[in-house]
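Me: Could you zoom in on one part of this model for me and walk me through it slowly? I'd like to see how its pieces hang together.

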Amino acid sequence: MLRAVLGALALLSIAIALAPEPPASPMHGVQTHVVVGQTQTAPLAEVTDLDAALRPGTPRDSVIYRSWSPAGVRPLALEMGPLEPADYVGVLYQGTIREYETRNALYLRCSTHERIKPIAGGGTAGTYTETIVPLGDKWCAGGEVYLRLVGTSDFRNVGVAQPYAVSALSYLKQSYLGYVGFFLTAFAIVLAPFFAGGLVARATRSGVDPVLGGFLGLGAACLTLFYLYAWTPLPPRGGLLPVMALIGVAVGACWKAPDLARSVWRAQRIPVYVWFLTGFVALTVLHLGATGSGAWEPAHRFAPAIWSSDHLLPGMFAEAVRLGTHQLVTMPGDWSLSDRPPLMAGGYLLFADVFALLQANNDGPHLQPVALAVGGVTLTSLWAAALYWAARRAGKLSPAIAAIGVLLVALTPFALFNTGYTWPKLMGAAFSIAATGYAFRLRPSPRASVGETATFGGLAGFAMLCHAASSFFLAPAALVYFATRLWRSPKALVAGAAVGLALLASWSAYKASALPSQDPLLAYALTGDLHLAPKESLPERLAARYQSFTVLQWLQTKAEIAAYVFTPNPPQGPEPLARPIVPGEIDVAGQLRRWDFYALSAGNLSLLLLGALGVWSFARPRAERPPQAAMAARLLASAAGCYALFVGVTFLALFVHQFSYDAVLALALAGIVAAGAMPWGRSLLLALAAATGLYTGVVWIAAPLSSLVTLDLAALGTLALVGIGVGLALSRGGAAPRGRTALLGLGLAVSVGGCLMLRPGAVVRELSPPDLTYMAELVANPAVDPARCRGNLDGTVARKVGGWRMFGWAWDAAAGAPVKSIAVLDNGLLLGMAATGQARPDVPKGLPTVTDPGVGWHLDLKKRPAHPQIVATLTDGSICALSAAS
């Protein structure tokens, strides 16, 4: 059944990807009315080089209206409309809708009722994304539809371009069924060099395990393809030839050397299955719904567990070298793309050209950033294959226990978020775990061979070419390796070091010759100060940093840094670290997600428990220790050394997202091999997996659905069918006949495809998230302008009957009359309309320009507002602030 579901998904998603997409249609007669503030506009044609996620047609011919200005972000409210009737409305926006304490608004409203349609509930920071809203003719029957934007933040920009009509197919292409085909395609392509590496390892009789050969083959393919594009005049789509050659090698081996191919596949099969299922399920959970954030969805999907644009950078780097647009720097203009290592960008290049072909019939390659992020999950989920291999082959555990161990880790919030958030740390951790699992495996020969150390050096080099944080783990791991075995084999030591250094030297040569970097991230880690164009050298900055401390201040700062792995709220030391942002009012589940994102506790507690099991295993009397205790001890020593290195030399708030993922996985692996060797180990790991899965299911999967704009029923159904399919596969043990599987898959594809032809939008359900109901009441606070209006909030007093009364006065200076109405806001949210026309004879006496005593107003409230804002509507219908937030 599982194969049938995957086959049906492949057929449907590839058909959707290849289907010709009608171009977007402009909406004529749409007027833009700025209600509050002054908007800054920018032609979209001038920003096309900054973001490829723009259609080549209608949107680029318009301008974007935004709250950003050269003087900073300022309040803005505008309305566009009336919109022409359309089944689906495309909206291109920029900036932040909801993030931490920021609450801006972007929604559609109807002139005949008060319900709204939120357009987005996440954000895109400085880049642009498209979100599509199903409209139809029933939601606003007999009325007119308007798009409204409200920006209340003074530091989070928000902007929007004029909406346009798109087709149902465009809506479908941006759903789970439209995206999952890119994942399946990417996995098939990435599997080719992995399988080819195993073929080479087995055919050359090198003694290297085919799984490790697969890691080396994948790393070599990624790096080679990156340098082909970056260092040669290879044109776009030129990378198709080497990719097709790798696929040809894999297919040719199955045809010409079937025994060799079967031998390699037997060794790789289970790690590949674990790898695929981990990535596939993480992608499906990520796309159970959407916040309307486009390529930024992984960063906002589990709010308030929010991070920056790091997950977009490998794709940007890959597209820069593929399209020949480097030297390219990212916004705001001082980041060089070579500030980060290239291996994951090279992984993207394996499938980027194929993805461009799949979008040949689209309205331009506007889906490429999202498609690359979807394909990137195949690389971030590689950790599952490494962990399984290390537990099964290196740790000599049974296949079932090794699989349960991977399942336990996969169910943690740490793994769920970071597998979907496609930045290179987790890919680097996969290579590190493969390397250390191999080095610390059970029952190795006393002396390491040249082949073994060369393999270790290659895996370690590829890990550091994914992310520099891997070096903080690999340095102590290499010391442990040396102390336990390498010191006996100097030739092997030199060989392993030479392989690793040669890989790193290639990257240094590229930076020196093609795209220089001042390594600001390394300097940031060591000094705590992020200067993209520093005037001082790194040694000078380090000297200045340490000279600014007393010994006591240094110790207090290091104690705070050390505590962040365990809690996001440790006692603060004297150093102004880049600490976790404290969000506004959030529910209990949101508080737990924030905690899980930053710390190895709460939902990630099972990872610490696994580490504790590893310590317990080695602390037992020697006669009672299982053989795996030695492997666990070496992994724990490497993780502890990594932690000590981070705390000792960096000035980072060491929450999990800034720590080494390699060390986190090593901690988990140590506990898995230690517990798995005990008679009760399987039951314990199952219990931990069940408890962790229950927590993650409630806090990380179910709870965030209340913040989503849409729920994807196809993803929900796929998740259920995959669960049933895996259960049936485990219970029956054998494979169903291929013919029956093919017919079932084809039947599923035809039946679902037929339904989609009749109702393309049926697979995506619109939601009315309670978290976004504030939008209808959000009002931008206009500037105080005494030339247009005068007035004051005189006071807020407690009432004897309970509650509070706010009172004051207001005068329309431009019209020489009392104002039309008074709105009272708190943090941008409308509390109510005040009663006006109250007699205030004291005002004309003190201010002769006020000629009418009926200028008083008051409003009774149950709760005293924290930051009141008083906004008056003047005679001409414009808005003016009487007092800013206090």
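**A close look at one sheet**

Reply: Let's start with a single pair: Tyr-107 has Arg-148, in strand β12, as its bridge partner. Strands here are DSSP runs of E with at least two residues, numbered from the N terminus. The model is predicted, so local features need pLDDT of at least 70, side-chain atom pairs count only at pLDDT 80 or more, and totals for chains, interfaces and linings use all residues. Residues are numbered from 1 along each chain as its sequence is written, and side-chain values use heavy atoms, with hydrogens and water left out.

Now widen the view a little. β9 and β12 run antiparallel, and six bridges join them. They count as paired under the rule that DSSP must find at least two bridges between two strands. Both belong to an open sheet of five strands. Reading across, you meet β2, then β5, then β12, then β9, and finally β10, with antiparallel pairing. So β12 sits between β5 and β9 in that order.

What happens at the edges, β2 and β10? Each has a single partner strand, so one side of each is left without a neighbour in the sheet. If you want to find them, β2 covers residues 31-36 and β10 covers 116-118.

Back to β9, which has another link worth tracing. Cys-110 and Cys-140 form a disulfide (a pair of cysteine sulfur atoms within 2.5 Å), and their sulfurs are 1.9 Å apart. The link is right-handed, with 80 degrees about the S-S bond. Where do the two cysteines sit? Cys-110 is in strand β9, residues 105-110. Cys-140 lies in the loop between β11 (123-134) and β12 (145-151). The two are 30 residues apart, and the pair links distant parts of the chain. By the same cut-off, the count comes to two disulfides.

For a side-by-side view, try another sheet further along. This one is also open, but has three strands, in the order β15-β18-β19, again with antiparallel pairing. Its edge strands are β15 (289-290) and β19 (764-766), each pairing on one side only. In the middle, β18 covers residues 710-712, and three bridges join β18 to β19. One of the matches to look for there is Asp-712, whose bridge partner in β19 is Val-764.

To pull the first part together: β9 is joined to β12 by six bridges, and Cys-110 of β9 also takes part in the disulfide with Cys-140 in the loop between β11 and β12.

Methods
Helices (H or I, at least four residues) and strands (E, at least two) are DSSP runs, numbered from the N terminus.
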